[in-house]
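Take a moment to look over the fold below before reading on. We will walk through it together, one region at a time.

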Amino acid sequence: AHKSRGREIIMVRVRVERVWRHGRMIGTRVPVLVLATEQRWKSLVVSQRVRFAARLTLPERAELLAGVAIVRGPPVGLGRPSAVQRAAEVIRSRLRAACAELPAAQRGVLPGMVVGDTSQLDPHLAEDFKAAGLSHLLVVSGANLAIVAGAVLGLARVAGLGRRRAAALAAVAVLGFMIVARPEPSVLRATVMAMIGLLALVSGRERRGVPALCGAVVLLVLADPELARSYGFALSVVATAALLVLAPPLRDRLSRRLPRLIAE
C-alpha cells in the first residue's frame, strides 16, 4: 500500500477467473492488479475467492499483468481460504504480533526480511530502501531458504536422524516456508533449487549450483511459461548465476591480496 493525495491506495494481485461485462460472462485465467481504498482488501488471504466491480485498464510495463482493476467498494467474499493458507496467515500474523513491541521502523522491516511481509512497512521507509539499493533485503530469496534448510538439517543431525529422513524434514520445512512467504518468482526459484539440492543429498550425488539453477529454470518455465516474461524471475536467476559463476574467481583473486581469516 502507499499514499496518494492523503489517501491510502491498497494494491492486491489477484487471478481473475470470470468477468461479467454487459450481462455476459467471460471465463479467463489471468493475473490482474487491484487498486483499492477500502480497508477490507487488506484482510484477504491467498486462495480466497471474491467478487468485485471495477474499471479495467491496460497496464504499463505489464510484465505478468493482464490488466489493472480500479475498485471503489469492498470485496464480496465467495468462500474461505484453503486450510493451508489459513495456517500460513496465522504464522504471518503471529510474527507481526511478536514485532508489535519494536519501534515503528523495525516493526515493519523485520517481517519483510523474514517472510517478505511488508504490510506494516512505512511507505517512506520503503522508498529509502529503494533509493539506497537495499530493497532486495525486503524480498525473500535463497538466503532465507538456505537458513531454514540448514537449520533443519543441523537439528536432524544432532537428533541422530539418517540422511533420508533429514532431507525429507528439510523438504517439508522449505515447502512450508515457501507457502508462508508466498510463491513469488524468486521464492519459487530458490525452492526448486533447494529441492534439487536435497535430492542430490539423498542420492549421494555431488551438489553443484549451476546445474541446480539450470534445472530449476527449466522446470519452472515448463510448469508456468508466464515466468519467462517475469522481470523478477529473470533478475533472480541472473543474480544467482553471477554468485555461482563470478563470485568464486573474484574470491580467489581477492584472497591473493587480502589476508585470510582462519578460525582456530
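Two strands are said to pair if DSSP finds at least two bridges between them. Keep that in mind as we begin with the strands of this predicted model.

Let's start at strand S6, which covers residues 67-71. On one side of our story is S3: S3 and S6 pair in the parallel sense, with four bridges. You can find one spot to look at where Val 34 stands opposite Ala 69 in S6. Then there is strand S5, residues 54-57, which runs antiparallel to S6 and is joined to it by four bridges. Here, Thr 57 has Val 68 of S6 as its bridge partner. Is S6 mostly covered or mostly open? Strand S6 is mostly covered, since four of its five residues are buried.

Now let's move to the helices and ask which residues have the most contacts inside the largest nonpolar core. They are Val 140, Leu 145, Val 174 and Phe 177, in a core of 14 residues. Helix H4 (142-158), helix H5 (163-181) and helix H6 (185-203) each supply at least two residues of this core. The largest share, five residues, comes from H5. Apart from this core lies another, of 10 residues, including Ile 10, Val 12, Val 32 and Val 71.

Phe 177 deserves a second look. Leaving aside residues up to four places away in sequence, Phe 177 touches Val 114, Val 115, Val 140, Asn 144, Leu 145 and Val 148.

One of those contacts, Val 114, leads us outward. Val 114 lies in helix H2, residues 104-115. Why does Val 114 count as partly exposed? Its relative accessible area is 33%, and partly exposed covers the range between under 20%, which is buried, and over 50%, which is exposed. Val 114 also belongs to a nonpolar patch on the surface, together with Leu 102, Leu 110, Met 113, Leu 134 and Leu 137. Together these residues have about 410 Å² of accessible area.

Finally, let's visit two loops. Most residues other than glycine have a negative phi. Ser 47, though not a glycine, has a positive phi of about 85 degrees. Ser 47 sits in the loop between strand S3 (24-36) and strand S4 (50-51), and it counts as partly exposed at 40% relative accessibility. Arg 182 is not a glycine either, and has a positive phi of about 75 degrees. You will find Arg 182 in the loop between H5 and H6, where it is partly exposed, with a relative accessible area of 26%.

How values were computed
Residues are numbered from 1 along each chain as its sequence is written. This is a predicted model: local features need pLDDT of at least 70, side-chain atom pairs count only at pLDDT 80 or more; totals for chains, interfaces and linings use all residues. Side-chain values use heavy atoms; hydrogens and water are left out. A nonpolar core is a set of buried Ala, Val, Leu, Ile, Met, Phe, Trp, Tyr and Cys residues joined through side-chain atoms within 4.5 Å. Buried means under 20% relative accessible area, exposed over 50%, partly exposed in between (1.4 Å probe, protein chains only). Contact means heavy atoms within 4.5 Å. Patches are made of residues with over 30% relative accessible area and no salt bridge: like charges are joined within 9 Å, nonpolar side chains (Val, Leu, Ile, Met, Phe, Trp, Tyr) within 5 Å. Accessible areas come from the Shrake-Rupley method with a 1.4 Å probe; for residues, only the protein chains shown count as cover. A salt bridge is a side-chain nitrogen of Lys or Arg within 4 Å of a carboxyl oxygen of Asp or Glu.
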